[in-house]
Amino acid sequence: MAETEARKSMIKIKPKKYKAGDIVKVDFIVIHPMDTGMKKDKKTGEVKPAHYIDNITFSFDGKPFTTMKVWETVSTNPYFSVNFKVPGKGKITVDYTDNTGEKNSKSKKLKPKG
Amino acid sequence: MKRRSFMKSMMAASAVAAAPMALMAKEDAPKAKKKGPNDMTYDAAVAAITGGKEVKDSDKIKLTVPEIAENGAVVPVKVEVDHPMEENNYVKAIHILNTKNGNARCADVMLTPANGKGYFATRVKLGGTQEVVGLVELSDGTFIKAGKSIKVTIGGCG
């Protein structure tokens with residue numbers, strides 16, 4: 001069951017001011033239940049099916065620089081942080097899919113100063 | 001006569017000894033039954049990643065985790081690798097593993113030289129007091145690891 005609603009997600013670049021050639025932190029946060037498939041729903045008493053993000057790709061101008069495989073052992077509303085050496089102006093895109101086939105992506109422009 | 005009585009007593013004793021063993025085994029079975037969809041033990045996960053290669057403990061990896069986690073559902077884990085990120089000599093992958101969750105794997109991160117630094121941070125769920133291991137693959141095919149134990153007050157892997 002692929003949900004079409006876009007998930008809330010956010011990309012943060014730290015620090016806020018950076019130059020080309022600097023190594024910055026790229027933080028990616030997404031609102032996702034990350035159900036393990038073992039917990040019971042408190043209202044209905046039925047076991048919730050597993051629902052978690054399994055693949056994440058960080059890319060810069062279409063070129064992937066980090067790929068991740070993630071399991072349900074990662075916390076609810078997951079947070080992933082990697083480093084990235086800024087080559088210049090461009091766009092960081094994060095594509096992520098979950099085990100139900102839901103696909104989403106989020107992007108942010110990089111604007112190095114100086 | 002002596003031998004017969006001895007045998008009898010032995011059989012009785014062994015029956016007594018065997019009975020609780022069988023009971024215990026029965027009690028253990030339902031506990032182990034509760035399984036998630038991707039369950040994998042720690043040893044199996046390491047073997048799957050390394051392909052049987054040797055894994056060395058290394059000071060190069062800086063694993064930052066809390067000593068005591070009050071809430072097992074959200075445990076921050078940070079891995080920093082002190083290794084150059086050059087074209088032919090870089091940190092290829094960072095794997096975050098745990099030793100006692102049903103599924104020992106948390107995240108496999110494939111890095112490239114464009115990252116500039118071997119760094120990864122996330123938050124994981126831990127079912128109980130256990131060790132979190134950062135397993136790092138370098139571009140020359142060697143594996144290094146660092147582990148730290150975390151005390152978990154309330155488990156978060158329901």
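This short talk walks through a predicted model of two chains, A and B, starting with chain A, moving to the sheet and the interface, and ending at one methionine.

Let me begin with chain A on its own, which has zero helices and seven strands, so that its elements, read from the N terminus, run β-β-β-β-β-β-β. The C-alpha trace of chain A spans about 60 × 20 × 20 Å along its principal axes, and of its 114 residues 27% count as buried. If we take the contacts in chain A between residues at least 6 apart in sequence, 56% of them join residues at least 24 apart.

Now to the sheet that involves both chains. Six strands form an open sheet, with antiparallel pairing, and the order across it is β1(A)-β2(A)-β5(A)-β7(B)-β4(B)-β2(B). At the edges stand β1 of chain A, residues 9–14, and β2 of chain B, residues 61–64, and because each has a single partner strand, one side of each is left without a neighbour in the sheet. Neighbouring strands of this sheet are turned against each other by 15 degrees on average, with direction ignored. Looking at the chain A edge in detail, β1(A) pairs with β2 of chain A, residues 23–30, in the antiparallel sense over six bridges, and within β2(A) it is A:I29 that stands opposite A:M10.

What does the contact between the chains consist of? In terms of residues, 30 of chain B are in contact with 26 of chain A. On the chain B side, β6 (105–110) and β7 (118–124) each supply at least two of the residues that touch chain A, and that side divides into 14 nonpolar, 10 polar and six charged residues. There is also strand pairing between the chains here, since β4 of chain A, residues 63–70, and β6(B) pair in the antiparallel sense over four bridges, with A:T67 standing opposite B:M110.

Finally, I would like to turn to B:M85, which is placed in the loop between β4 (75–81) and β5 (91–98) of chain B. Is B:M85 buried or exposed? B:M85 counts as buried, because it has 21 C-beta neighbours inside 10 Å, where the cut-off for burial is 20 or more. Leaving aside neighbours within four places in sequence, the residues in contact with B:M85 are B:Y90, B:V91, B:P113, B:N115, B:G116, B:K117 and B:G118. As for B:A114, it lies 29 residues from B:M85 in sequence, while the C-alpha to C-alpha distance between the two is 7.9 Å.

Key: Residues are numbered from 1 along each chain as its sequence is written. Chains are lettered from A and ligands numbered from 1 in the order in which they are written. This is a predicted model: local features need pLDDT of at least 70, side-chain atom pairs count only at pLDDT 80 or more; totals for chains, interfaces and linings use all residues. Two strands pair if DSSP finds at least two bridges between them. Axes are lines fitted to C-alpha atoms, for helices over the stretch in contact, and angles run from 0 to 180 degrees between N-to-C directions. A residue is buried if 20 or more other C-beta atoms lie within 10 Å of its own, exposed if 12 or fewer, and partly exposed in between; C-beta atoms are placed from the backbone. Two residues are in contact if their C-beta atoms, placed from the backbone, lie within 7 Å. Ala, Val, Leu, Ile, Met, Phe, Trp, Tyr, Cys and Pro count as nonpolar, Asp, Glu, Lys and Arg as charged, and the others, Gly among them, as polar.
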